[in-house]
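Visitor: I would like a close look at the place where the ligand sits. Please take me through its surroundings step by step, and then through the backbone and ring features elsewhere in the chain.

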Amino acid sequence: MEKLDSILLDARKEIEGSQESQELNSLYQKFLGKTGIVTEQLKHMKDLPNEEKKTFGMKINSIKNEIFSLIKIKEKEFEKNKVEEQIKNTEFVDLTIPSKERKGSLHPITILQEKLIDIFLSMGFTVEDGNEIETEYNNFEAVNIPKNHPARDMQDTFYLENGQVLKTHTSAAQNRIMKKYGAPLKAIFPGRCFRNEELDASHENTFFQIEGMMIDKDVSVANLIYFMKEMLTNVFGKEINVRLRPGFFPFVEPGFELDISCPYCDGKGCRVCKHGGWIELCPCGMIHPNVLKMGGIDPEKYQGFAFGLGFSRLAMMNYDITEIRLLNSGNIKALSQAKIK
Ligand code: PHE
């Protein structure tokens with residue numbers, strides 16, 4: 001019995017003093033293995049008088065259990081130390097630390113859209129959403145382009161099998177918004193538009209426009225010019241001159257193309273403006289009486305202006321992007337070169 005006690009003492013000392021889990025394995029073998037010290041003791045059982053056998057057996061069992069659990073406890077300690085060591089060294093990954101490699105950022109289109117929204121909100125416009133899939137009525141008839149009218153050829157349209165269309169311009173929301181608010185009204189509605197274009201560096205099948213409408217009593221071309229100049233001055237951070245040229249769009253009368261003085265050379269002439277000093281930016285005009293009527297607004301009482309600013313182009317200009325196709329490319333390397341101002 002005393003021998004057993006001293007075996008336990010030895011085992012405890014050695015387990016306590018062990019330095020690594022492999023050492024624990026050999027201690028297990030040394031004490032509890034097939035030819036281990038404790039197992040050897042069992043062999044002496046048969047030489048004992050019967051009355052002592054039971055107590056001896058119980059004692060050996062409890063020693064076996066004790067040594068076993070001492071080994072397990074020590075093993076846990078080693079595992080815990082190992083994890084702590086890994087955390088301390090290289091293997092710990094803190095997912096909350098911002099990456100040095102690649103910072104996320106908003107897409108140039110999103111940045112510009114938010115900027116334009118802020119500008120128009122500050123001038124009292126509401127911001128509306130438009131559908132990407134529209135009825136033919138909203139996209140065409142409601143903006144004064146009847147069925148079979150040659151003006152439909154201006155926009156090569158994706159028709160869906162159910163007769164609806166991918167909206168070809170943000171003007172497709174004009175009718176719904178006029179019916180929603182009536183007059184007076186001041187709203188912008190940015191959105192993605194789709195046309196079956198021949199693709200090149202400045203033409204895409206998917207592009208972004210921002211439509212604006214202001215309807216009230218006594219609205220004139222002067223109001224249109226004022227708001228466009230305000231918006232442009234904000235976008236480019238300096239005063240921008242504009243000029244209007246006549247342009248045909250069935251939903252405005254008179255209709256214009258709005259040019260801006262080249263923001264790169266201040267109108268002196270450079271590569272961007274092809275040495276003309278002006279850049280074509282945005283079709284606009286006074287809303288056609290038919291369009292007001294279809295929107296439930298009396299054209300005898302109210303007038304309005306509308307513009308359809310292609311801001312994919314504006315984003316390219318503003319962020320020095322030379323290829324319109326890059327905007328939808330998901331090409332992070334190219335997009336992150338966009339010079340966000
Ligand atoms: N919807 C026209 C287009 O995309 C642009 C436009 C809008 C013209 C509003 C005039 C007034 O071609």
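**The ligand and its surroundings**

Guide: In this predicted model, a nitrogen atom of the ligand lies 2.9 Å from an N or O atom in the side chain of His169. Ser171 also offers its side chain, in which an N or O atom is 2.8 Å from a nitrogen atom of the ligand. With Arg195 the ligand atom concerned is an oxygen, and the distance to an N or O atom of the Arg195 side chain is 2.9 Å. Each of these three pairs can be called a polar contact, because that term covers N or O atoms within 3.5 Å of each other. The protein buries 95% of the 320 Å² that the ligand exposes when taken alone, and the space that the ligand takes up is the largest pocket.

Turning to the shell as a whole, there are 14 residues around the ligand, and those that come nearest are His169, Ser171, Arg195, Gln209 and Gly308. By character, the residues of this shell divide into seven nonpolar, five polar and two charged. The elements that contribute two or more residues to the shell are strand S5 (206-216), strand S8 (278-287) and strand S9 (303-310), and it is S9 that gives the most, with three residues.

Beyond the ligand, some backbone features deserve a careful look. Most residues other than glycine have a negative phi, and most peptide bonds are trans. The peptide bond from Ala183 to Pro184, however, is cis, with omega near -5°, and Pro184 belongs to the loop between helix H7 (174-181) and strand S4 (185-194). The peptide bond from Glu253 to Pro254 is likewise cis, with omega near -5°, although Pro254 is found within strand S7 (residues 252-261). Asp218, a residue other than glycine, has a positive phi, near 60°; Asp218 is placed in the loop between S5 and H8, and S5 is one of the strands that give two or more residues to the shell around the ligand.

Last come the rings. The structure holds eight aromatic pairs, one of them formed by Phe125 and Phe227, whose ring centres are 5.3 Å apart and whose planes stand at 85°, so that the pair is edge-to-face. This pair links distant parts of the chain, since Phe125 lies in the loop between helix H5 (108-122) and strand S1 (126-127), while Phe227 lies in helix H8 (residues 221-236), 102 residues apart.

Technical notes. Residues numbered from 1 in each chain as written. Predicted model: local features only at pLDDT ≥ 70, side-chain atom pairs only at ≥ 80, totals over all residues. Heavy atoms only, no water. Near = heavy atom within 4 Å. Polar contact = N/O pair within 3.5 Å; in protein donor to acceptor, adjacent residues only side chain to side chain. Areas by Shrake-Rupley, 256 points an atom, 1.4 Å probe, with all protein chains shown as cover. 1 Å grid on protein atoms, 1.4 Å probe; cavity = no way out; pocket = protein on both sides within 12 Å on 5 of 7 lines; lining within 4 Å. Sits in = over half its atoms within 2 Å of the grid points. Helix = DSSP H or I, 4+ residues; strand = E, 2+ residues; numbered from the N terminus. Nonpolar A, V, L, I, M, F, W, Y, C, P; charged D, E, K, R; others polar. Phe/Tyr/Trp six-rings, centres within 6.5 Å; stacked < 30°, edge-to-face > 60°.
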